[in-house]
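Please work through the exercises below with the sequence and the model side by side, and try each task before reading its solution.

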Amino acid sequence: MKFSAFCFTFLMSGAVHAETIKLLTEEYPPYNFAENGVVRGASVEQTERIMSSLGISYTLDILPWARALALTEKQPSTCLFTTAHDEDRDNRFKWVEPLLVDRMIMVRKLGSGVNPTTIEEARQFTVGTQREDFSANFLKRNGFPKVDLATDLEATAKKLIAGRVDLMMTSEKTFETMRDQGKPVESALVLKGMVYGMACNLDTPDDLVARMQKSLDVLIADGTQQKIFAKYGLRTDD
């Protein structure tokens, strides 16, 4: 069953925070995705635990990334995940992090022969990514002349496998999930690391953000985050 937009609403009883928080995410397995009518993923589980531990009422919607990002900037009491915390986004949101730390990677179709060894060499190729994704900002800052923008990760992956783009940018762990699912892809160029978290609208109260951060810190400190990663087959030894 394919989801172009999926809405899943949680209403927690006895909420301490009177206002409902809108949580937005995208189809980006293994971190956030819809499966058989249920929103799942390594970041989803962490976020649910944070909100539940604080007794906060919330809704959770899966939307195309560019739309979700725009709504989060405009709407109070809205947070977006799993969001890469880069220079362009730093002052546009309040942050709760890390939901994960991962490396960016350029991926090629298996056996394509596309083999850049540096960013400079990669510039000669057409690179696919998603609109308003952190990687689109990276490609723009680094002067890539041929960038193909799609609505979501699935569309970009299909273009790569069909030979319509030479490379695609994603996180290393997402690439590993694609490969483990049998998609004909392989690593082409590993880039720098990135911190991912929840990006909240600037009107979100500081005390609420601080409580959310403290709850995430506990998940990390007591090993829960690592257990969630393992549940979704994410290696944590690098």
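The exercises that follow concern a predicted model, and each task is followed by a solution in steps.

**Exercise 1. The disulfide**

Task: Find which residues the disulfide joins, and state where in the chain they lie.

Solution: The structure holds one disulfide, so the search ends with a single pair of sulfur atoms within the 2.5 Å cut-off. That pair is Cys79 and Cys200, with 2.1 Å from S to S. Cys79 belongs to strand β6 (residues 78-84) and Cys200 to strand β11 (residues 185-200), so the bond ties together parts that are 121 residues apart in sequence. Turning to the geometry, the link of Cys79 and Cys200 is right-handed, with 105° about the S-S bond. Both Cys79 and Cys200 are buried.

**Exercise 2. The two sides of a helix**

Task: Which residues of helix α2 are buried, and which exposed residues does the face turned away from them carry?

Solution: Begin with the buried residues of α2 (residues 65-74), which are Trp65, Ala68, Leu69 and Thr72. Seen down the helix axis, these buried residues fall within an arc of 100°, so they line one face of α2. The face turned away from this buried side carries Arg67 and Lys74, both exposed. Next, follow the chain into the loop between α2 and β6, where Ser77 lies. Ser77 has a positive phi, near 60°, in a residue other than glycine, and at 7% relative accessibility Ser77 counts as buried.

**Exercise 3. Aromatic pairs**

Task: Establish how many aromatic pairs there are, and classify the pair of Tyr28 and Tyr31 and the pair of Phe33 and Tyr232.

Solution: The count comes to four aromatic pairs. For Tyr28 and Tyr31, the ring centres are 6.3 Å apart with 15° between the planes, and the pair is stacked; Tyr28 and Tyr31 are both buried. For Phe33 and Tyr232, the centres are 6.4 Å apart with 85° between the planes, and the pair is edge-to-face. This second pair links distant parts of the chain, 199 residues apart, with Phe33 in strand β3 (residues 33-35) and Tyr232 in the segment after α8 (224-231). Phe33 is buried, with a relative accessible area of 11%, and Tyr232 also counts as buried, at 13%.

**Exercise 4. The nonpolar cores**

Task: Which residues have the most contacts inside the largest nonpolar core, and what does Met212 touch beyond its sequence neighbours?

Solution: The largest nonpolar core has 60 residues, and those with the most contacts inside it are Leu23, Met106, Met198 and Met212. Strand β11 gives the largest share of this core, eight residues. Leaving aside neighbours within four places in sequence, Met212 is in contact with Ile50, Met51, Leu54, Cys79, Val96, Met198 and Cys200; both cysteines of the disulfide are therefore among the contacts of Met212, given the 4.5 Å cut-off between heavy atoms. A second, separate core has nine residues, including Leu63, Trp65, Leu80 and Trp95.

**Exercise 5. Unusual backbone geometry**

Task: Locate the cis peptide bonds that join Pro29 and Pro30 and Phe81 and Thr82, then describe the backbone of Asn36.

Solution: The cis bond between Pro29 and Pro30 has an omega of about 10°, and Pro30 is found in the loop between β2 (17-25) and β3. The cis bond between Phe81 and Thr82 has an omega of about 5°, and Thr82 has its place in strand β6. Asn36 is not a glycine, yet has a positive phi of about 55°. Asn36 lies in the loop between β3 and β4 (38-40) and, at 74% relative accessibility, counts as exposed.

**Exercise 6. Two residues and their surroundings**

Task: Are Thr156 and Glu132 buried or partly exposed, and which residues do they touch?

Solution: Thr156, in helix α5 (residues 153-162), is buried, with a relative accessible area of 1%. Beyond four places in sequence, the contacts of Thr156 are Gly128, Thr129, Gln130, Ala150, Val165 and Met168. Glu132 is placed in the loop between β8 (127-130) and α4 (134-141) and is partly exposed, at 41%. Not counting residues up to four places away, Glu132 touches Trp65, Ala66, Leu69 and Arg89; of these, Trp65 and Leu69 are among the buried residues of α2.

Terms used:
Residues numbered from 1 in each chain as written. Predicted model: local features only at pLDDT ≥ 70, side-chain atom pairs only at ≥ 80, totals over all residues. Heavy atoms only, no water. Buried < 20%, exposed > 50% of the residue type's maximum accessible area, 1.4 Å probe, protein only. Helix = DSSP H or I, 4+ residues; strand = E, 2+ residues; numbered from the N terminus. Arc of directions from axis to C-beta. Phe/Tyr/Trp six-rings, centres within 6.5 Å; stacked < 30°, edge-to-face > 60°. Core = buried A, V, L, I, M, F, W, Y, C linked by side-chain atoms within 4.5 Å.
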